[in-house]
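Please open the model in your viewer and keep the selection panel at hand, since this tour moves from one selection to the next and says what can be found at each stop.

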Protein chains: 2
Amino acid sequence: MDSDVDYDVFGAACPSRPVLEDVTGRWGSLAMGALADGPMRFNELRRRVEGVSQKMLAQSLQALERDGLVNRQVQSTFPLKVEYSLTPTGEVLAAKLLDLIGYLTGSMPSILDAQQSYDQAHAKT
Amino acid sequence: MDSDVDYDVFGAACPSRPVLEDVTGRWGSLAMGALADGPMRFNELRRRVEGVSQKMLAQSLQALERDGLVNRQVQSTFPLKVEYSLTPTGEVLAAKLLDLIGYLTGSMPSILDAQQSYDQAHAKT
DNA sequence: CAGTATCCGATGAGATACTG
DNA sequence: CAGTATCTCATCGGATACTG
């Protein structure tokens with residue numbers, strides 16, 4: 001029926017590339033990972049993703065919302081309440097992302113060793 | 001035995017963060033994905049990862065080599081021959097990355113729909 | 001072939017101040 | 001509370017030219 005076209009992320013103009021950047025980018029990946037724990041409000045996310053600024057968090061969330069990976073639900077009470085959550089597609093991607101992150105953090109001891117060796121071998125003077 | 005410390009990527013100063021950026025970054029992720037097909041030379045990689053410049057490919061590969069995820073093997077023949085390959089840890093991460101990318105490209109039809117709806121709803125004027 | 005060096009414009013990203 | 005607006009600086013990233 002469909003899929004007579006394949007999206008190839010290695011292709012220069014493939015529309016999947018910017019989406020991949022939204023998902024795996026510096027703040028997008030951490031926002032996705034945080035939301036995997038369940039729905040969260042803006043400032044909760046901001047506290048969870050340490051070091052992110054208002055501006056970058058808002059920007060990252062908007063990109064993910066546009067891609068249909070994150071839902072944004074506003075409650076026009078006072079004070080304002082906005083809750084972010086993953087869509088079904090977003091959930092799957094977040095799980096795969098957390099799998100990768102988990103393996104990476106588990107490998108940190110050996111990675112730090114590698115970095116030290118490298119820096120030592122490439123030290124100037 | 002070990003692991004009385006946990007590396008938390010959500011922590012602002014965690015050393016895992018820059019590594020995650022090397023792996024999931026714009027060109028790093030594509031280089032890792034390409035190398036999952038097997039060892040490759042510099043210019044082969046350059047052709048496979050469409051749109052990457054010499055500068056950025058070299059920079060990304062150096063970061064991944066420093067993290068111990070990519071091996072660089074030089075043959076000092078003439079012309080020079082340099083072969084890049086994944087380390088065992090790099091292989092695992094590349095597989096997880098390709099899993100994510102595969103799901104993402106498979107979801108592209110619905111993602112493109114979402115983007116269109118979003119753009120329409122947020123059109124100015 | 002596999003890079004490095006340099007220049008330069010575009011984007012990323014933080015700080016601060018303001019608004020519905 | 002949940003953002004937007006503006007300013008500013010750093011880094012990203014492409015083009016071009018050069019080297020072992």
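Begin by selecting the residues of the surface near DNA strand C, which divide into nine nonpolar, six polar and five charged; as you look at them, bear in mind that this is a predicted model. Which residues come nearest to the strand? Of the 20 residues around DNA strand C, the nearest are A:Lys55, B:Arg41, B:Gln54, B:Arg72 and B:Tyr84.

Next, colour this surface by element. In chain A, helix H2 (26-35) and helix H4 (54-66) each supply at least two residues, and in chain B the same can be said of helix H3 (42-48), helix H4 (54-66) and strand S3 (81-86). The largest share, four residues, comes from H4(B).

Now turn to the DNA itself and select the atoms of strand C within 4 Å of the protein, of which 61% belong to sugar or phosphate, while the rest belong to bases. Both kinds of partner can be seen in individual contacts. Select B:Arg41 and look for an N or O atom of its side chain that is 2.8 Å from a phosphate oxygen of DNA strand C; then move to B:Asn43, where a polar backbone atom is 3.2 Å from a phosphate oxygen of DNA strand C. For a contact with a base, select B:Gln54, which has a polar side-chain atom 2.9 Å from a base nitrogen of DNA strand C.

Stay in chain B and show its strands as ribbons. Three strands form an open sheet in the order S1-S3-S2, with antiparallel pairing. The edges of this sheet are strand S1 (40-41) and strand S2 (70-75) of chain B, each of which pairs on one side only. Between S2(B) and S3(B), which run antiparallel, there are six bridges, and if you select B:Val70 you will find it opposite B:Leu86 in S3(B).

Zoom out now until chains A and B are both in view. How can chain B be laid on chain A? A turn of 180° with a shift of 0.0 Å along the axis does so, with an RMSD of 0.0 Å, and the two copies are thus related as by a two-fold rotation axis. To find this axis, select B:Thr24, whose C-alpha, at 2.8 Å, comes closest to it of the residues of chain B. Because 100% of the interface residues of chain B are also interface residues in chain A, the copies meet through the same surface.

Finally, select residues 14-112 of chain A, where the unreviewed UniProt entry places the feature "domain: HTH hxlR-type". This span is 64% helix and 14% strand, and its end C-alpha atoms lie 35 Å apart.

How values were computed
Residues are numbered from 1 along each chain as its sequence is written. Chains are lettered from A and ligands numbered from 1 in the order in which they are written. This is a predicted model: local features need pLDDT of at least 70, side-chain atom pairs count only at pLDDT 80 or more; totals for chains, interfaces and linings use all residues. Side-chain values use heavy atoms; hydrogens and water are left out. UniProt positions are given in the numbering used here, feature names are shortened, and annotations may be inferred rather than shown by experiment. Copies are superposed by least squares on the C-alpha atoms of residues with pLDDT of at least 70 in both. Contact means heavy atoms within 4.5 Å. A residue is near a molecule or strand if one of its heavy atoms lies within 4 Å of it. A polar contact is a pair of N or O atoms within 3.5 Å; within protein, one must be able to donate a hydrogen and the other to accept it, and residues adjacent in sequence count only if both atoms are side-chain atoms. Ala, Val, Leu, Ile, Met, Phe, Trp, Tyr, Cys and Pro count as nonpolar, Asp, Glu, Lys and Arg as charged, and the others, Gly among them, as polar. Two strands pair if DSSP finds at least two bridges between them.
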